[in-house]
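Please look through the sequence and the model shown below before reading on. The report that follows takes up the pocket, the overall layout and a few individual residues in turn.

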Amino acid sequence: MGTLRIRTNQAKPGMIAAHDVYTLNNQLIITKGTVLNERVISVC
C-alpha cells in the first residue's frame, strides 16, 4: 500500500503517519511511524 495524503478530519485510529507532521508554524506535532489514536488525532 502506498502513501495517502488525507485531511486531519479523515484520520482514523490505527493509521500510521508516513511522514513527520508539522503545524503551519513548523512545529513538529506527530513523528513518522506514530500509530494514530483518538488523543493524537485530537492534537491535529
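What is the volume of the largest pocket? In this predicted model, the largest pocket has a volume of about 770 Å³. Its lining is made up of 22 residues, and those closest to the centre of the pocket are Leu4, Arg5, Ile6, Ala17 and Val21. When the residues of this lining are sorted by chemical character, 15 are nonpolar, 4 are polar and 3 are charged. Both strands take part, since β1 and β2 each supply at least two residues of the lining of the largest pocket.

**The chain as a whole**

The chain holds 1 helix and 2 strands, and when these elements are read from the N terminus on, their order is β-β-α. Strand β1 covers residues 21-22, while strand β2 covers residues 28-30. Taken along the principal axes, the box filled by the C-alpha atoms is roughly 30 × 20 × 15 Å. Of the 44 residues in the chain, 14% are buried.

**Before the strands**

The segment before β1 contains Gly2 and also Met15. Gly2 counts as exposed because its relative accessibility is 62%, and the cut-off for exposed is over 50%. Met15, by contrast, counts as partly exposed, because its relative accessibility is 30%, a value that lies between the cut-off of under 20% for buried residues and that of over 50% for exposed ones. Together with Leu4 and Ile6, Met15 forms a nonpolar patch on the surface, and the accessible area of these residues together is about 260 Å². Leu4 and Ile6 have also been named above, among the residues closest to the centre of the largest pocket.

**Strand β1 and the loop after it**

Val21, another of the residues closest to the centre of the largest pocket, is found in strand β1. Val21 is classed as partly exposed because its relative accessible area is 30%.

The loop between β1 and β2 includes Leu24 and Asn26. Is Leu24 buried or exposed? With a relative accessibility of 92%, Leu24 counts as exposed. Asn26 is exposed as well, because its relative accessible area is 59%. The backbone of Asn26 deserves a second look, for its phi is near 65°, which is a positive value in a residue other than glycine. As background, most residues other than glycine have a negative phi.

**Separations along the chain and in space**

For three pairs of residues, the table sets the separation in sequence beside the distance between the C-alpha atoms.

| Pair | Separation in sequence | C-alpha to C-alpha distance |
|---|---|---|
| Gly2 and Ala18 | 16 residues | 9.5 Å |
| Val21 and Thr8 | 13 residues | 11 Å |
| Leu24 and Gln10 | 14 residues | 19 Å |

In the table, Gly2, from the segment before β1, is paired with Ala18, at 9.5 Å. Val21, from strand β1, is paired with Thr8, at 11 Å. Leu24, from the loop between β1 and β2, is paired with Gln10, at 19 Å.

Technical notes: Residues numbered from 1 in each chain as written. Predicted model: local features only at pLDDT ≥ 70, side-chain atom pairs only at ≥ 80, totals over all residues. Heavy atoms only, no water. Patch = residues over 30% accessible without salt bridge, like charges linked within 9 Å, V, L, I, M, F, W, Y side chains within 5 Å. Areas by Shrake-Rupley, 256 points an atom, 1.4 Å probe, with all protein chains shown as cover. Salt bridge = Lys/Arg side-chain N within 4 Å of Asp/Glu carboxyl O. Helix = DSSP H or I, 4+ residues; strand = E, 2+ residues; numbered from the N terminus. Buried < 20%, exposed > 50% of the residue type's maximum accessible area, 1.4 Å probe, protein only. 1 Å grid on protein atoms, 1.4 Å probe; cavity = no way out; pocket = protein on both sides within 12 Å on 5 of 7 lines; lining within 4 Å. Points joined across faces, edges and corners; volume = space filled by probe spheres on them. Nonpolar A, V, L, I, M, F, W, Y, C, P; charged D, E, K, R; others polar.
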